[in-house]
Amino acid sequence: MSLLTQEHELVRKTARDFAEKYVGPIARRMDRENYYPRDILRDAGKLGILTPTVPPEYGGGGGDLRSVVVILEELGRVSGGFSLLVEAYGVLFADALKNFGSAGQKEEVLPKVAAGEKIGAFALSEPCCGSDAAAIQTRAERRGGEWVINGAKMWITNGLYADYYLVAARTGPREARHKAITVFLLRRSSCVEASPIEVMGVRGTGTAELKFNDCSVGEDEIVGELNGGWRVLMHTLDVGRVAISGVALGIARGAFEEALAWARSRELFGKRLVEFQNAQFELAEMLASIETARALTYYAAYLYDVGSPEFLLMSHVAKLQAARLAVDVTRRAVQMEGGYGYSKESKAEMFYRDAKILEIGEGTNEVMKYVIYKLLEKSS
Ligand SMILES: Cc1cc2nc3c(=O)[nH]c(=O)nc-3n(C[C@H](O)[C@H](O)[C@H](O)COP(=O)(O)OP(=O)(O)OC[C@H]3O[C@@H](n4cnc5c(N)ncnc54)[C@H](O)[C@@H]3O)c2cc1C
């Protein structure tokens, strides 16, 4: 049984055509110049690629989680950075607002974000805390009829250019941990200071440190419920884990395709590299890894789409494996290309650096294993 329908294949074609026509030409510029591809976001928006799960009435793609994976895989094959940018934009921000936002929030924000006119970012991690997200220190305090947010966020993708932020803030004592966290929809204004962070890979994604200085928001800017932010955050990261596995698939495929082409054209010792059995074995290992990650990722997405209780475990398994396999495949691709693979000319070099974030962002490998073991304990 195929987990993908004809509709998913049509989405794949649209995403692949877009990736080759619009993303391919700017992928190296994003990487080398840390260039944020503002200009092509509107083109992506017209095709529903930016916000794949947002309903069509708001201008989104109206798709399921498998559509998200299909899109991110095709974008990642050309640029890991662009794929991650869309993942954070379309899933961590837009899908979260679609799932938990009020009617008023959705009506105001989703059409602009889906069209690529306004940018959204998901701001959870802080200088103090990433894996231990329940310990965040950014605070929202009630003053009069408003909430006033103060604190700092770290590593926020799209954060440098965002017009809207989903901000996780503490609305009760620190000891209450996850029970005293609320998510707010914050419009950008002069109270937000955004500074760029130079990163190793997935460059051009507007990674930023944010400071909130007395940012006021109304009661109606709470997303979900007061002190109910943890549910919003965890659900969003559950979906994000599978989505980012789609980014991993794309990055691995992009590197594999380049290594294969290289092995077929490179001549040494009077033969083409691909004629050496070790090169064939390497390519076979890479393909086997990609297909393993693909099977896990699409299966996890399918489980979410059909509402299966197995989803939670499989989303962690897929993320752990897809991230590791992407790092392994890109490393092998660099090795296959020899000195060229180590040069800035090689796409494998870029993909190798891009892949590393997959073992860190949206839950590190260690956090994946921690949760997988917890779920094992619970079930036995
Ligand atoms: C390029 C980039 C983009 C990002 N985009 C976003 C974004 O858009 N929004 C957002 O909110 N965040 C974002 N992040 C943050 C990211 O999610 C965190 O970096 C990640 O969750 C890890 O948190 P940390 O960096 O604080 O590391 P820490 O949590 O300090 O982890 C340090 C080390 O400790 C290990 N560790 C943690 N817990 C355990 C444990 N229980 N047992 C054993 N070892 C453990 C970790 O695996 C890691 O190796 C981004 C990060 C980067 C680098």
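Guide: Ala, Val, Leu, Ile, Met, Phe, Trp, Tyr, Cys and Pro count as nonpolar, Asp, Glu, Lys and Arg as charged, and the others, Gly among them, as polar. By class, seven nonpolar, six polar and two charged residues form the shell around the ligand. The model is predicted: local features need pLDDT of at least 70, side-chain atom pairs count only at pLDDT 80 or more, and totals for chains, interfaces and linings use all residues. Numbering runs from 1 along each chain as its sequence is written, and side-chain values use heavy atoms, without hydrogens and water.

Visitor: Which residues are the closest to the ligand?

Guide: Ser 125, Ser 131, Trp 155, Thr 364 and Glu 366 are the closest of the 15 that surround the ligand. A residue is near if one of its heavy atoms lies within 4 Å.

Visitor: Why is the ligand said to lie between domain 2 and domain 3?

Guide: Domain 2 (121–227) and domain 3 (230–379) both give residues to its shell, so the ligand lies between them. The bounds come from an automatic or database domain assignment.

Visitor: What makes the pair of Ser 125 and the ligand a polar contact?

Guide: The cut-off is a pair of N or O atoms within 3.5 Å. A polar side-chain atom of Ser 125 lies 2.8 Å from a ligand nitrogen, so the pair qualifies. Thr 364 qualifies too, because a side-chain N or O atom is 2.6 Å from a ligand oxygen. At Glu 362, a polar backbone atom is 3.4 Å from a ligand oxygen. The protein buries 65% of the 980 Å² that the ligand exposes when taken alone (Shrake-Rupley method, 1.4 Å probe).

Visitor: How many aromatic pairs does the whole structure hold?

Guide: Eight. Rings of Phe, Tyr and Trp (its six-membered ring) pair if their centres lie within 6.5 Å; planes under 30 degrees apart are stacked, over 60 edge-to-face, the rest tilted. Tyr 165 and Phe 212 are 6.3 Å apart, centre to centre, with 70° between the planes, so the pair is edge-to-face. Tyr 165 sits in strand β4 (residues 164–170) and Phe 212 in strand β7 (residues 208–218), 47 residues apart.

Visitor: Why is Tyr 165 called buried?

Guide: Buried means under 20% relative accessible area, exposed over 50%, partly exposed in between (1.4 Å probe, protein chains only). Tyr 165 has 0%, so it is buried. Phe 212, at 1%, is buried as well.

Visitor: What makes the Phe 269 and Phe 276 pair edge-to-face?

Guide: Their planes stand at 75° and their centres are 6.4 Å apart, so the pair is edge-to-face. Phe 269 is exposed at 76%; Phe 276, at 25%, is partly exposed.

Terms used
A polar contact is a pair of N or O atoms within 3.5 Å; within protein, one must be able to donate a hydrogen and the other to accept it, and residues adjacent in sequence count only if both atoms are side-chain atoms. Helices (H or I, at least four residues) and strands (E, at least two) are DSSP runs, numbered from the N terminus.
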